[in-house]
Each structure stands twice: as structure tokens, then as C-alpha cells.
Amino acid sequence: MSPNKPDEDGDEATIYVYDVISEWGGVGAKDFVSGVNSLKARTIHLRINSPGGDVFEARAMKAALEQHSAKVVAHVDGLAASAASFLMLGADEVEIADGAFVMIHNAWGFSMGDAREMRATAELLDKITNTIAGDYHGKTGLKMADLRQMMDDETWLDSAEALAKGFVDRIAPRSNKASAAALSARFDLSAY
């Protein structure tokens, strides 16, 4: 399933962000937002395994999720890093697979020009980082100073840490396939 063609089945739909977030390849905001806006489902499942990417593309994608009338459940299946770590915050609920990770860090980018251009870029990056920290604060309730330190340090959170810090709401339950298989393999002794 491609991100611009969500899987939809009745009341539920699933969108996958299993790539870099970028208008130049991977998952871009234009197709993502178009796909989200076309959904009539009551529940949208956003499945994430992404190293992140363009902060403004992710911001537009997050806004589309927040503005949709459906309940949105984000599932961190492998990695929600960088821009993907705040994209997941566009959901009403965030679930993480046991063993998956969330990574947060300061905004970064490229710049070219004289010292004035470099200072302007640094100021812009500070603004972007503060905005993202505000998103994290809104979800976690952690102090801004603590979040900024975590971002300065480029913090990788495993599923238990992400839950403890409030970045996610729960760890996804594992399927109990072995037990189900064992039950179905039992003899039917009801005749005795």
C-alpha cells in the first residue's frame, strides 16, 4: 500500500509512513494529505517506520491528521525518528511495538552564504526546535528545559522509555499466536 492510497475497509483505514518524509522521494505531504482528506473512515491507523525527514512536510501531514474528523491511532512499528517523532503526535493515541524506538533531536539543515546568512539560519533552526519541543511538551507534559536537553543530546527512547516519558500511550500487545495454535490443536473431547 502506498501512502497516497490508503487501505480503507469500512469504518477503518490504514496509512503507512514506511519511508523518509520528503517531497523529493519517500512520503511527501502533498500525496499524504490528499490521501488523508479522501478518507471517510471513523478510525485512521497511522503506521510508522521512518527515519524522519523534512520538518515542514511532516508539519503539514500532522496538521491533516489533526484536522480530520476520524479518531487517529499512530502505531510506531519500528522507528519514529526526527520529523516522524512529531508526526505521530498528530494522532489521538500513540501505540509503540515492543522493541521499537522514538528518536528526538534538534532541527538541522544546510546553509550557504555569508555570516549573516549563517546567523539567520541558526535563528530559524532555534525557532523550529522550540516549536517541535512545544509539540513534545503538549504530549508528554515534560518540562521544556528537559525536552530541550533531550533534543540537544539526540535521545533514543526504546518502547518502555517512550511510554515512561509520555511520548506514547501504550505498548502494543503481542499476538498470542502460539497459545491460539495450541488451543486449536487440542483434541475435541466433547463426545466423551
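What follows walks through strand pairing, one helix, a loop residue, aromatic pairs and a buried glutamate in a predicted model.

The strands are a good place to start. Strand β4 (residues 71–81) runs parallel to strand β5 (residues 93–96), with four bridges holding the pairing. One of the matched positions here is V73, whose bridge partner in β5 is E93. On to strand β8 (residues 170–171): β5 pairs with β8 as well, again in the parallel sense, over two bridges, and I96 sits opposite I171 of β8. β4 also pairs with β6, parallel and over three bridges, and there L79 has F101 as its bridge partner in β6. The sense changes with the next pairing, since β6 and β7 run antiparallel and are joined by four bridges. In that pairing, M103 stands opposite W156 of β7.

Helix α5 spans residues 144–152, and its buried residues are L147, M150 and M151. These three cover an arc of only 100 degrees around the axis, so they end up on the same side of α5. The background here is simple helix geometry: an α-helix has 3.6 residues a turn, so residues three or four places apart point the same way. As for what the buried residues of α5 pack against, the partners are β6 (101–104), α4 (115–140) and β7 (155–158). Both strands of the antiparallel pair β6 and β7 are thus on that list of packing partners.

Just past the helix comes E154. This residue follows α5 and has a positive phi, near 50 degrees; its place is the loop between α5 and β7. With a relative accessible area of 41%, E154 counts as partly exposed. Setting aside neighbours within four places in sequence, E154 touches M103, I104 and H105. With H105 the C-alpha to C-alpha distance is 4.4 Å, although the two positions lie 49 residues apart in sequence numbering.

Turning to the aromatics, the structure holds four aromatic pairs. One of them joins F101 and W156: the ring centres are 6.4 Å apart and the planes stand at 65 degrees, which makes the pair edge-to-face because the angle is over the 60-degree cut-off. F101 belongs to strand β6 and W156 to strand β7, so this pair ties together parts that are 55 residues apart in sequence. Both rings belong to partly exposed residues, with relative accessible areas of 32% for F101 and 42% for W156. Another pair, W108 with F110, has ring centres 5.7 Å apart and planes at 80 degrees, so this one is edge-to-face too. Here the residues count as exposed, W108 at 60% relative accessibility and F110 at 77%.

Last, there is a charged residue tucked away. E57 is found in helix α2 (residues 55–67). E57 is buried but makes no salt bridge. The nearest side chain of opposite charge is that of K30, 10 Å away, whereas a salt bridge needs the charged atoms within 4 Å. Even so, K30 is in contact with E57, as are I21, S22, E23, G28 and A29, leaving aside neighbours within four places in sequence.

How values were computed
Residues are numbered from 1 along each chain as its sequence is written. This is a predicted model: local features need pLDDT of at least 70, side-chain atom pairs count only at pLDDT 80 or more; totals for chains, interfaces and linings use all residues. Side-chain values use heavy atoms; hydrogens and water are left out. Buried means under 20% relative accessible area, exposed over 50%, partly exposed in between (1.4 Å probe, protein chains only). The arc is that of the directions from the helix axis to the C-beta atoms. Contact means heavy atoms within 4.5 Å. Lys and Arg count as positive and Asp and Glu as negative; His and the chain ends are not counted. Two strands pair if DSSP finds at least two bridges between them. Rings of Phe, Tyr and Trp (its six-membered ring) pair if their centres lie within 6.5 Å; planes under 30 degrees apart count as stacked, over 60 as edge-to-face and the rest as tilted.
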